[in-house]
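Welcome! Please take a moment to look over the model shown here, and then read on for a guided walk through some of its parts.

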Amino acid sequence: MSFTLTIDTPAWRQHLASVRDAVSGLVPVAKGNGYGFGLPRLSHEAAELGASTLAVGISTEVSVVRTAGWTGDVVVLTPWTPSDSLDLSDPKLIVTIGRISDLSALASTAPHARVIVEVRTSMQRHGVEASELSQVPAALGDLHFEGWTIHLPMIGDSLAQARRLAQAALAVRQAPLWLSHLSEADYRTLASEVGVETHLRMGTKLWLGAPSSRTVTATVLDVHPVAKGQRIGYWQRRMPRAGSVVVVSGGTANGIAMEAPTAAANSRQRLIAAATGSMEALGLALSPYEIEGKKRFFVEPPHMQSSLIFVPGATTVGVGDHVPVEARLTTVSFDAVEG
Ligand SMILES: *Cc1c(COP(=O)(O)O)cnc(C)c1O
């Protein structure tokens, strides 16, 4: 009776294994909502894949994957700062550093910690500027240097940028290279050129590849006929036509948001919509719920754990049915993950 992700586990695992086989040095990334699957499930799948290192996004996620049973190395992708609460005594923890000053601070706080140093790319997010790379060896002190990390933007000539920055970093010190957001082909090219161990950190393409291996559904909790003009819902809105209100699981608590009515984006479209009596013209918003093969409109903004959907006329769906939902897996939170 819930907003559910159902996984065809054999098909999903086949895809995960194919990525692992194609990418030597693959480091699975498990962060945030665990790409919809949850961090515990991803740590388990990473172990099944035989990965030796798992990447998490932020410090607090380390204990989540540890509690879930992950015993291998964990790299935290967000750079460490002195105010960070990380347990630096964990010998299987690899810390990312993005500034020379933080590198010096880490060397004095936890002199034997394991560290990777991020090289700033055109993303301009984190990382040491190419011009400052020469300061890294001295600032490292006794820290255990695990390599350089390069996080590329999604567009542009990533291979050229990765090559240039990798050369600059490796000229300062030979060490493994950890890359993010390089295509598999570009990664293989770079790996064949650099002469050091390489890693590719991957989340979305790994976990969310093979989309046919999963389905997202909501349970129909209730169905009622409504008359044209009848007021319904928290906001007692008048219904534009006679139809059915379908109460489905999933609401704001699950990350189900009200979509902007995209079909009537400009005023001309709005006029047409008004003339044809369409739902957008009446101010209703399209929902991600699909009923009888079609996305349907919300009666009103979603509630905490359920939503009211309007279906014109009679509907064939009934209580207990499962209806498809188009969900962005990185932003939703499921009531249940099955399979
Ligand atoms: C989140 C993150 C990744 C994984 O990103 P995806 O697009 O999900 O593959 C890789 N590297 C870094 C540094 C990240 O922060």
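A salt bridge is counted here when a side-chain nitrogen of Lys or Arg lies within 4 Å of a carboxyl oxygen of Asp or Glu. Keep that in mind for later, and remember throughout that this is a predicted model.

**The chain as a whole**

The protein chain holds 9 helices and 18 strands. Its C-alpha trace spans about 75 × 45 × 40 Å along the principal axes. Of its 339 residues, 50% count as buried. Among the contacts with a separation of 6 or more, 64% are between residues 24 or more positions apart.

**Salt bridges**

Side chains of opposite charge can pair when their charged atoms come close. In this structure there are 11 salt bridges. Three of them are set out below.

| Salt bridge | Closest N and O atoms |
|---|---|
| Asp90 and Arg66 | 3.2 Å |
| Glu193 and Arg163 | 2.7 Å |
| Lys295 and Glu326 | 2.5 Å |

Let us begin with the pair of Asp90 and Arg66, whose closest N and O atoms are 3.2 Å apart. Asp90 sits in the loop between β4 (73-76) and β5, while Arg66 belongs to helix α3 (residues 60-67), so this pair ties together parts that are 24 residues apart in sequence. Asp90 counts as buried, because its relative accessibility is 18% and buried means under 20%. Arg66, with a relative accessible area of 23%, is partly exposed.

Next comes the salt bridge that Glu193 forms with Arg163. Glu193 is in helix α7 (residues 184-194) and Arg163 in helix α6 (residues 158-172), and the pair links these distant parts of the chain, 30 residues apart. Both partners can be placed by their accessibility: Glu193 is partly exposed at 41%, and Arg163 is partly exposed at 28%.

In the third pair, Lys295 forms a salt bridge with Glu326. Lys295 lies in strand β15 (residues 294-298), and Glu326 is in the loop between β17 (322-324) and β18 (336-338), so parts that are 31 residues apart in sequence are tied together by this pair. Is Glu326 buried or exposed? With a relative accessible area of 54%, Glu326 is exposed, whereas Lys295 is partly exposed at 27%. Elsewhere, Arg13, Arg41 and Glu45 are joined into one network by salt bridges that share partners.

**Helix α4 and the loop after it**

Which residues of helix α4 (residues 100-109) are buried? They are Ile100, Asp102, Leu103, Ala105, Leu106 and Ala107. An α-helix has 3.6 residues a turn, so residues three or four places apart point the same way. The cover over the buried residues of α4 includes β5 (93-97), β6 (114-119) and α5 (136-140).

Ala110 is found in the loop between α4 and β6. At 10% relative accessibility, Ala110 counts as buried. Leaving aside residues up to four places away in sequence, Ala110 touches Leu88 and Leu143. As for Glu326 from the third salt bridge, its C-alpha atom is separated by 46 Å from that of Ala110, and the two residues are 216 residues apart along the chain.

**Aromatic pairs**

How many aromatic pairs does a search of the whole structure find? The search finds 5. One of the pairs, Tyr289 with Phe298, is edge-to-face, with 6.3 Å centre to centre and 80° between the planes. Tyr289 is buried, with a relative accessible area of 0%, and Phe298 is buried too, at 1%. Ring pairs also link Trp12, Phe37 and Trp207 into a cluster.

**The largest pocket**

Finally, have a look at the largest pocket, which contains about 590 Å³ of space. It is lined by 25 residues, and those closest to its centre are Lys31, His151, Met154, Ser180 and His181. Two elements, β9 (198-202) and α8 (204-207), give two or more residues to the lining. β9 gives the most, with 3 residues. By type, the lining of the largest pocket divides into 9 nonpolar, 11 polar and 5 charged residues.

Methods: Residues are numbered from 1 along each chain as its sequence is written. This is a predicted model: local features need pLDDT of at least 70, side-chain atom pairs count only at pLDDT 80 or more; totals for chains, interfaces and linings use all residues. Side-chain values use heavy atoms; hydrogens and water are left out. Buried means under 20% relative accessible area, exposed over 50%, partly exposed in between (1.4 Å probe, protein chains only). Helices (H or I, at least four residues) and strands (E, at least two) are DSSP runs, numbered from the N terminus. Contact means heavy atoms within 4.5 Å. On a 1 Å grid over the protein atoms alone, a cavity is a set of points where a 1.4 Å probe fits but cannot get out, and a pocket is an open set with protein on both sides within 12 Å along at least five of seven lines; lining residues have an atom within 4 Å of a point. Grid points are joined across faces, edges and corners, and a volume is the space filled by probe spheres set on the points. Ala, Val, Leu, Ile, Met, Phe, Trp, Tyr, Cys and Pro count as nonpolar, Asp, Glu, Lys and Arg as charged, and the others, Gly among them, as polar. Rings of Phe, Tyr and Trp (its six-membered ring) pair if their centres lie within 6.5 Å; planes under 30 degrees apart count as stacked, over 60 as edge-to-face and the rest as tilted.
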